[in-house]
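I opened this model to look up how its strands pair, what lies in its core and how its chains meet. My entries follow in the order in which I checked things.

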Amino acid sequence: MPSMKTCVAVALLGCITGAVVLAQTETPRLTLVESALESKVAASTTERLSAAACELPDEQKSIRLAVIGDSGTGGIEQYQVGQQMESCRAKSGFDFVLMMGDNIYGGKSPQDFERKFEAPYKSLLDAGVKFYASIGNHDDTNERLYKPFNMGGQRYYSFKKGNATFFALDSNYMDLAQLDWLERELSSTNTPWKICFMHHPLYSDGRYHGPDIDLRAHLEPLFEKYGVNVVFSGHDHVYERLKPEHGINYFVLGNSGELRFRNLKASAEMAAGFDTDRSFMVVEIAGDKLYFQAVSRTGQVVDSGALDRPQNR
Amino acid sequence: MHLSLMMSRLKSIYGSAFFVALATMCLAFGQQPPPTAKSPGVNADSVIIGDFDKQVKEYLKLHKKAEAGVPPMKPTDSPEAITERRHMLASRIQTARQQAKQGDLFSPQVSQLYKRLIGMAYQASGPAKVGASLRHDEPVRDVKLQVNAVYPERTPLQTTPPSILTNLPPLPPELDYRIVGHDLVLRDTGANIIVDFIPAAIPPS
């Protein structure tokens, strides 16, 4: 077991050299079995766009999805990410997308919905890909009524796909009613995979926002108690994969439209990060394995790997 | 969730200071307080919260009356329909509350109690934790608060830390608590209207 000083040194070295900093799990309930071979803190900012190199195992009876966060700028980069997602969909066949919030920045007119959501993802929407949104601090809570966000009129909700249940949380307003709902839902869910997504990260090495430790104090005990495997969030405009915390794998993905250039400050908790361009994720869940790739706006795979779901969860 | 389970979870987060506030709320909302919670101020506090609850119910009557004249709130493909509904509801509420002023729901007594409850939430969960949560979010400062005005559409809604939320009397879904600078805002969620606010409710961090 390396000392904290060693971990920090390794993490910093990893950041400087662009090397992967692998997770040091004490009691891994999810183990990183296929290390993030291509993971790196990439520095490429070239404008050369190539077709997304995303490749998932494409196993039978698996579920495939994409993840975006802090996307709704209406800027050219959001459209380019949308193009890469479409290219990736053609290869991997994902059929739904999780949205980490800040889905519509600024104005909320019908033109804004068109420019910041419907147009950038038109080819995906036309292909029948479903988007499941969570609410960010820049969103109007009435976005829950917008059918293409599939929120069913609720601030927080859950849905099941194959052997996974997804829980969309409203991290802007974590009141007792929502905590109560979450506990009931988690305790009555029997799917092997339990995946939560929300706007605010419980762990993050983003300099601008960082982790919401008050939210963490309220949510993490529930995640642990009821065996949540993976948590996706946004808010910090970077991509980051954290080392497992209490057996839970945390991802921050808040750079699908917005970007805070070189905003990551690598800590001992960081497993991989990307903060020099926009990105999105593709995920495949097949049996007890979850495969993931983070793909940049220019089509580079900036992180990838697979997680094992422990049998006792 | 059973009350005892809820308290057990919250006690693990807050420690015992939480229970003084919880006792206050339980009394106001007709539940039995935990047997360990005794405070000379509880009865007075429950009366204050009971008064606030009455004001909230009165506001809800007005909200529902205004809502009767607008299209039903249900999922739609049309962002225009969502925006129109919000504007119509806001306009009807604003007309019905032309005389509304700061302090109508948050009376001086309620404001004082809320400041105390928020202070307790800070202390119980650790001032650094709640303060950091506020700072790490996107603090909203440049909003001139005015009762019955629309909360500015382009201004983000600051996250309300759970430690504060879970220490304040719960609200119906038509209303929420929001933080602007150091002020606590009571907002109509459907109409996006500022119903009332408490200046300087949030301690400086």
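Entry 1, strand pairing. In this predicted model I began with strand S7 (residues 193-197) of chain A, which runs parallel to S8(A) and is joined to it by three bridges. Across this pairing I found A:Phe197 standing opposite A:Phe232 of S8(A). I then followed the chain from S7(A) to S8(A) and saw that it passes through helix H6 (residues 213-225) of chain A, a β-α-β crossover that is right-handed.

Entry 2, the other neighbour. S8(A) also pairs with strand S10 (residues 249-253) of chain A, again in parallel, through four bridges. Here A:Phe232 has A:Phe251 of S10(A) opposite it.

Entry 3, the faces of S8(A). Are the two faces of strand S8 (residues 230-233) of chain A covered or open? I found both covered, since A:Val230 and A:Phe232 on one side are buried, as are A:Val231 and A:Ser233 on the other.

Entry 4, the core. I next looked up the largest nonpolar core, which has 118 residues, and noted that A:Ala66, A:Val67 and A:Leu98 have the most contacts inside it. Helix H5 (residues 108-125) of chain B gives the largest share of this core, seven residues. In soluble globular proteins, nonpolar side chains tend to be buried together. Setting aside residues up to four places away in sequence, I listed what A:Val67 touches, namely A:Leu98, A:Phe232, A:Leu253, A:Phe280, A:Met281 and A:Val283.

Entry 5, chain A as a whole. Its secondary structure comes to six helices and 14 strands, and 56% of its 313 residues count as buried. Of the contacts in chain A between residues at least 6 apart in sequence, 70% join residues at least 24 apart.

Entry 6, where the chains meet. I found 38 residues of chain B in contact with 36 residues of chain A. On the chain B side, the elements that give two or more residues are helices H1 (3-14), H4 (79-96), H6 (127-136) and H7 (162-165) of chain B. By type, the residues on this side of chain B divide into 15 nonpolar, twelve polar and eleven charged.

Entry 7, confidence. The model scores ipTM 0.82 and pTM 0.84. For chain B the mean pLDDT is 83, with 79% of its residues reaching 70 or more. Among the elements of chain B, I noted the lowest mean pLDDT, 45, for helix H2 (residues 17-28) and the highest, 98, for strand S3 (residues 193-198). Over residues 1-38 of chain B pLDDT stays under 50, and for this stretch the model has 58 contacts beyond four places in sequence.

How values were computed. Residues numbered from 1 in each chain as written. Chains lettered and ligands numbered in written order. Predicted model: local features only at pLDDT ≥ 70, side-chain atom pairs only at ≥ 80, totals over all residues. Contact = placed C-beta atoms within 7 Å. Nonpolar A, V, L, I, M, F, W, Y, C, P; charged D, E, K, R; others polar. Buried ≥ 20, exposed ≤ 12 C-beta atoms within 10 Å, placed from the backbone. Core = buried A, V, L, I, M, F, W, Y, C linked by C-beta atoms within 7 Å. Pairing = 2+ DSSP bridges. Right-handed = clockwise from strand over helix to strand, strands pointing away. pLDDT = per-residue confidence, 0-100.
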